[in-house]
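Work through the exercises below with the sequence and the 3D view open. Try each task before reading its solution.

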Amino acid sequence: MKKLLALLLCLMLALPVFALAEDVEITLWTYPIGSWGNQETVDALIADFNAAYPNIKVKVQFIDYQTGDDQVTTAIEAKTTPDIIFEGPERLVANWGAKGKMLDLTDLFETEAGKAIYETVAGSCKGADGKYYEYPLCMTTHCMVINKKAFEAADAMKYIDETTRTWTTEGFEAACRALTENGFCPVTGIVYCGGQGGDQGTRALVYNLYSGHFTNEGFTVYTMDSEENIKGLEKLQAMVAEGILADDPGIVAGDAISLFCNGTASMCFCWNAALDSNNRATLAENVEPYAVAFPSDDGVPALDGGIWGFGIFDNGDEAKAAAAKEFIKFMCNDDAQAPKSVYATGYFATRPMGDIYTGTEKEGNTAYDAFSPYFGGYYQIAPNWANQRTEWWNLLQRIFAGGNVAEEVAVYISKTNL
Amino acid sequence: MTAIPKNASSRPSKRAPEVDTTDHSVHALTPYRVISVVLLIVLTILFIFPLYWIITGSFKTQQAVNARVPVWFPVEPTIGNYERLFQKPAFLWLFNTVLLCAASMGLTCVSASMGGYALAKKNFRGRTFLFSLFVCAMALPKQVILIPLLKEMAFLKLHNTLWAVILPTVGWPFGVFLMKQFCEGIPNEMLEAARIDGAGEARTFIDIILPMIKPGIGALAIFTFITAWNDYFLQLIMLNDTDVLSISLGIAKLQSELSTDYGLIMAGAALGSIPIIIIFLLFQKFFTRGITMGAVKG
Amino acid sequence: MIMAQTAAISQGMKAARRRENIAAYIFMAPSLLFFLGFVVFPMGMCLVTSFFNYTMSDFSFVGLANYQEMFGDAIFIRALINTIIIVVVSVPITCMFSLWVASIIYKMRQVNTSFFRCVFYLPVVTGSVAVTVVWKWIFNNYTGVLNYLAKNLGLIAKNVNWLGDPNTALWCIITILLTTSVGQPIVLYVSALANVDHSLVEAASVDGATSMQTFWRIKWPQIMPTTLYILVITTINSFQCFALIQLLTSGGPNNSTQTIMYYIYYEAFKLNRYGYGSAMGIILAIIIALFSAIQFRLAKTDNG
């Protein structure tokens, strides 16, 4: 009798599981965030998921930053959006969420792990309407990188504080001059402005030079027209004119990284932990990457951050939405799985999770945690963001083509602050 | 497009460059000619170079690709680029492309020869109107209609399938126009004779019309194939999933945001272009004839 | 039709006529289905949406506002000018270049003619994307062959950022466009020149005309229809060049290579402004129609 009762109890407990037991197929679109753009890595992660949830099939689609946004746009228009998408708040929250295309994920934040997420991070995942459109998995700060060998050859390491990995605007200018004279690498740094991603690097470079801010504190108004920022842009314009810094409207961040890795440029303004580990194999012999913060007049930088997580598109299918949530919970909240999911990104967890890199292949990533205190806030959720990004590249292109900085900035501001 | 060369259409069977023995300038070595030929050879090198660069580039190591002094020939050839390429479903992309070109070609040939015949030889209500509609639409750039087309495909649940690319390609009016021009060359007496013999509409079309316009269909087939192969824009809008990409889209997507791996991209470009180049070289005669006929009649 | 039932003869004619109509429409059906469904219908929709503020989250009637905005939009004007530059530069050059090449190679031995025809047709069959990516590499500021060669030949003092410099980017695009568009015209001209009536050429040379005179007086008028056809197709192709822009410059630097075609795509797919994009599409269609009409008119006067 007892046994029977126990069996019945077990059955009842198992019932919810059985209720879900109907096979569901969900689709996941992932941008190349660390190794989440890599088939093998993601297949392994999904295999873990299927060991626990054999009834939920996950179809993965790898999308890139070059064409990914268009792909999502067409999918939204064609109503063929995936169930889950893996990216950051500027897209999930400020763009698709704000347009009412995403599901509210507030319930996920009420889980135990959800409550442990750092407040600033959780805040960035919340839309203006108070709903959460992203459940964050990982975060990092973006920095820049220099070729230590080139700097040593030009005797420019003295401009960098090696304990804090920071430097001043003055030091930056002097270093560029020394590097140009020395000629270890053909160019010093390249301010890429051909469009696409990696814009965070160029933004942080500009506003740090004289400690300006990209937006106001509430992330509602763009403030590129502040005195500090205009001064910063003028400084870069002057350095390009002097020939100690290069501009290039013909290349995008990816090209700039390749040029750094093959020893053409002695620094690169687009860098972070994951880029470090991903590019180790492609380094030329005379290149030794050394991550540093962006230079600022007072030596205290404010760094851009990245927060990546999952969002669910509102496709009107409850079974799929439920399955998608199970997937997200498993990847982000499961004690055994979450560190693996974060490790695949090469970044850092958005809740206390301990050191996951020491003693692994990505040991070098630990060093990047040192930049975390300089995180300057996630302003990428400011309104009109998608438009702002294009205007930003146009602004840089006009300025390096010799435009008057104050005037060009006014044009940019008139198009972004609507 | 009303530009129908009178002399050429009266002699449609005359094939392009027959050696002309009556032209006395053939072997005359004027300075103009010498300079021209030299220039031509320089240009030849220029035109072949990109292809050479694709093929050699696809076998270069990353160091060689990024070298500031160009490596003219891969001294240490590697197949690493191809290995990385085939980690992606590159053959599937190629297959998709061939499939969509072939389907567009087949459907266009069938629908256009039927439509062209009706427009040329049938006297029916609305003929003039329809024909002018076809002509007007011909110069229309496809990009203009991309947004409604996308919506329509989504509504038909065809977005993200090869059909979304095939159907608009087949709908393009050039085929009908071309076949109408060809059908007009068929003497009415033949149709009359067939009718007197009691042949039905279908019989007449299959037994009389089709054999007469066969060269035209061949020209149209080649035309459509090349158009579909090069129609990157439509593919870009309509195809999303890795499994349904065409080879052109696949190559375009090989350039990722955070690295520009020219070796890999060249491997993709080689895979995408070599097959059709081989087909072209093998069937060069048909290509040339197809292009010429398409123009003469179109 | 009911009213017209008066005479038996006319009835018979009507019946025959109806049969002919039905048969014609059966033959027309497949092509009409595709044409009306996937060309005419979307075109109509495009016209309709051009009067709407149509975005991802909005669909409201705004009348001519999109059109008004367009003519105050500096980028649109820039795109329009660039598009016209591309057409006006590339079309005549394509025609003249092809004619020049054809005039040299059509008299050669068959093998040689075939060889050169193949060479110039290669970029067409290579595929627009493959051609574009390799040129992107050739033009690369740092690792491109062009800079290396030009520097070593002493043509330039230091690296030129071909695609990154607003002064050169558009010309690079036009150059690549030229290499991909001369293939077909050359094939056509070779065939047209070979078909020129030789008795006239013969007569002219007997009369002592120079080969230049023979060419312009005798051959040129005879190949005129081919020229017009080439003009029309090249014009349409130049208006439509898109892959080059998207893959090489995305309209940059600073909109110096922005074309209408790319700008429509950008407004529609980056900013999700479908209504505005449609309105620009309509304007582009009208411009192309005008160009075609001019060429049709030229063809008419010449043939008539």
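**Exercise 1: two helices from two chains**

The crossing of α15(B) and α4(C) is right-handed (the near helix is turned clockwise from the far one by less than a right angle; anticlockwise would be left-handed). The model is predicted: local features need pLDDT of at least 70 and side-chain atom pairs pLDDT 80 or more, while totals for chains, interfaces and linings use all residues. Residues are numbered from 1 along each chain as its sequence is written, with chains lettered from A and ligands numbered from 1 in the order in which they are written.

Task: Find how α15(B) and α4(C) are oriented to each other.

Solution.
- Step 1. Locate α15 (residues 262-282) of chain B and α4 (residues 110-126) of chain C. Helices are DSSP runs of H or I with at least four residues, strands are runs of E with at least two, and both are numbered from the N terminus.
- Step 2. Their angle is about 140° and their axes are 9 Å apart. Axes are lines fitted to C-alpha atoms, for helices over the stretch in contact, and angles run from 0 to 180 degrees between N-to-C directions.
- Step 3. The helices are therefore oblique (under 35 degrees is roughly parallel, over 145 roughly antiparallel, 65 to 115 roughly perpendicular, the rest oblique).

**Exercise 2: a sheet in chain A**

Task: State which strands stand at the edges of the sheet.

Solution.
- Step 1. The open, mixed sheet of chain A has 6 strands in the order β2-β1-β3-β12-β4-β13. Strands pair if DSSP finds at least two bridges between them.
- Step 2. β2 (56-62) and β13 (348-349) of chain A each have a single partner strand, so they stand at the edges.
- Step 3. β1 (residues 24-30) of chain A pairs with β2(A) in the parallel sense over 7 bridges.
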